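Reader: I would like to go through this model with you step by step, from its overall division to its local backbone details. Could you take my questions in turn and reason each one through?

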Amino acid sequence: MSEVIRERLENFRNVMKKYGIDAWIAPTNDFHGSEYIGEHFKVRKYLTGFTGSVGTVAVTQKGAWLWVDGRYFVQAENQLAGTEVHLFKSGQPNVPTLEEFLAQELKSGETAGFDGRVLSASEGKKLRSVLKENKINISSSRDIVDEAWENRPAMEKTPAWFLTMDEAGESRADKLERVREEMVKQGADVHLVTSLDDIAWIYNLRGMDIACSPVIQAYTIITLDGAVLFAQSGVLNEAQRDVLEKDRIFVRDYGDIVQVLEKLPECTLLMDPEKVSDELYHCLPEHVTKKETTDPSVLMKAVKNLQEIKQVRSAHLRDGVAMTRYMYWLKHIPETVHVTEMEAADHLETLRRGQKGYLEPSFETISAYGKNAAMCHYISTRETDTEIKKEGFYLVDAGGQYRAGTTDITRTVVMGTVTEEQKFHYTLVLKGMIDLAKARFHQGTNGQMLDYLARGPLLEHGLDFNHGTGHGVGALLNVHEPPNFIHWRLPDHLKTVFQEGMITSDEPGVYVEGSHGIRIENLILCVKDSQDGLLHFETLTLCPIDLSAVKMEYLDCEEKKWLDQYHEMVYEKIKAFLPEEEREWLKNVTSPIRD
């Protein structure tokens, strides 16, 4: 692979030289700021070989550098080994930011290039400021990657479908009315929305343009009396266009967005600079007043309505059946049968496909045995695919997109003998997961305030994990959905107050490089508490937790009580869908804890 990367970079540098570009910046992004992107947009992967979901590469005539966050330090080190690409571990001491690096690396009068369609307006603003200050030229209107990447995949395009009222719980007309009310409050006449999950939510529209995210690639402009949806040709049929037009939503070609924005009359336009691309931001006429703030739909879609919650519970039941059967299968692999990480992940996918309404994974399955699980977002490849042996831990982090909703679950499974240290680590992770799940808290609490509940048991013993404790989850939408996050360090715009109806993950972990990784994750729903002014969480995930590595003396009475109640719920809800042998096994592993 290192030779392939070397040839790609050499070819790319020749194209850079042709257009007078001294440094090229390629983030992990599409035209909409999506977390998961289609193959057409995986430029960073093409140039470096790094397969993680986040990272930015800078290429000059002298070298190439990749920035990744803490989730991917180990994985990036492994995948970049033998290539010329240097790793920058973002946020670590003495590691420059992209902007600092470019200011140091480029000379006055040289040119930095990027595709303005795949950089957000806020990122572009910061980058442009530094480059201008250092008298570095900018080229952002040409995608030179097209010329360098032979047989580059085309943009994906799939037929769209509408959610029913039973699935959505609210009509697109009512959603538009709520959005317009917020526009009026902000003093805006026009609202530009470019994030695909927000567009899908507003219009009760889904598609399969991007793996793991049931959306179509589109833009929309909303006014106080109508809306325009910009979609690729063939995605919406005539009947669907007619339905949209009844709500004064008119469809135009995907590529028309720039010329429409360029011709906007004098108005105040509401948009999110974190999501709108640098290109669209800079194509707006000077007479358009920009109102830069978070899209109103972000918070609206995070607070699930009663019908969405009903649907999501149904999705978790189906996913729980598949995951429970998977755990049974893992525990009963014959000694003579050799199963690898990738084969195990394939088996889980087969079990999920047997469930009603299953569409696709909600993210690429993390199937990690032994030391591979120490890379918290490890993805097994043909080069790294490891046999799952009858010892140590196996970690699976997987989710599904069902017509009923989106799931995300992690279980660490004991495959055989584990050390006392591993048992201790496992128990602390479990304590943290339970302590957050059973929290009762005041209305007005945000994720930064809640984080210590899950992290505390680890911190007390000198342990920690280098990722967030929880993220929001969509309803048949993105598995990582803002604005609700749980993390000890949150920027002000993400210190979102938890509200009834928000779905969030609860996933502490421990990662010991070269040895093992442990994570246990359930999804939790924020609900109103019986005591006025308080909220608490309801656990949605339905799958047994492996107790065979738990040191029970470290769990207090309330934690054991929570486990017993959780396992009783899992058994009662899942048992009817299992064959007799698996049902008996589930009964045994969910039986009450005996001190």
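**Questions on a predicted model**

Reader: In which strand does P483 lie?

Author: This is a predicted model, and P483 belongs to a strand that covers residues 481-486. The peptide bond that joins P482 and P483 is cis, with omega at about 10°. The element that holds P483 is strand 23.

Reader: Which domains does the domain assignment of the protein chain give, and how many Å separate the centres of domain 1 and domain 2?

Author: The assignment gives domain 1 as 1-148, domain 2 as 161-299 and domain 3 as 303-588. Taken over C-alpha atoms, the centres of domain 1 and domain 2 are separated by 29 Å.

Reader: What area do domain 1 and domain 2 bury between them, and which three residues of domain 1 supply more of its share than any other three?

Author: In the contact between these two domains, 18 residues of domain 1 meet 20 residues of domain 2. The area buried between domain 1 and domain 2 is about 1,400 Å², with 53% of it on carbon and sulfur atoms. On the side of domain 1, 42% of the area buried against domain 2 comes from three residues, more than from any other three, and these are H32, Y36 and A121.

Reader: How many salt bridges are counted between domain 1 and domain 2, and how far apart are the closest N and O atoms of D278 and R128?

Author: The count between domain 1 and domain 2 is 1 salt bridge. D278 forms a salt bridge with R128, and the closest N and O atoms of this pair are apart by 2.8 Å.

Reader: Which helix supplies the largest share of the largest nonpolar core?

Author: The largest nonpolar core has 56 residues, and those that touch the most other members include Y326, Y394, Y426, L430, I545, W562 and L563. Several elements each supply at least two residues of this core, among them helix 14 (306-331), strand 17 (393-398), helix 16 (420-437) and helix 18 (557-574). The largest share, 8 residues, comes from helix 16.

Reader: Which residues does L430 touch, leaving out those up to four places away in sequence?

Author: L430 is among the residues that touch the most other members of the largest nonpolar core. With residues up to four places away in sequence not counted, L430 touches I520, I545, L547, V550, L555 and L563.

Reader: How many bridges join strand 27 to strand 28, and which residue of strand 28 does C526 stand opposite?

Author: Strand 27 (residues 522-528) and strand 28 run antiparallel and are joined by 5 bridges. These two strands form a hairpin with 5 residues between them, and G533 in the turn has a positive phi of about 85°. Within strand 28, the residue opposite C526 is F537.

Reader: Which residue in strand 28 is the bridge partner of H442?

Author: Strand 28 (residues 534-539) also pairs with strand 21 (residues 440-442), in the antiparallel sense and over 3 bridges. The bridge partner of H442 in strand 28 is L534.

Reader: N94 and N204 have positive phi values; is each of them buried or exposed?

Author: N94, with phi near 65°, is found in the loop between strand 4 (85-89) and helix 4 (98-105). N204, with phi near 50°, lies in the loop between helix 9 (196-202) and strand 9 (205-206). Because buried means under 20% relative accessible area and exposed over 50%, N94 at 80% is exposed, whereas N204 at 3% is buried.

Key: Residues are numbered from 1 along each chain as its sequence is written. This is a predicted model: local features need pLDDT of at least 70, side-chain atom pairs count only at pLDDT 80 or more; totals for chains, interfaces and linings use all residues. Side-chain values use heavy atoms; hydrogens and water are left out. Two strands pair if DSSP finds at least two bridges between them. Helices (H or I, at least four residues) and strands (E, at least two) are DSSP runs, numbered from the N terminus. A nonpolar core is a set of buried Ala, Val, Leu, Ile, Met, Phe, Trp, Tyr and Cys residues joined through side-chain atoms within 4.5 Å. Buried means under 20% relative accessible area, exposed over 50%, partly exposed in between (1.4 Å probe, protein chains only). Contact means heavy atoms within 4.5 Å. Domain bounds come from an automatic or database domain assignment. Buried area is the accessible area (1.4 Å probe) that two parts lose on being put together, summed over both. A salt bridge is a side-chain nitrogen of Lys or Arg within 4 Å of a carboxyl oxygen of Asp or Glu.
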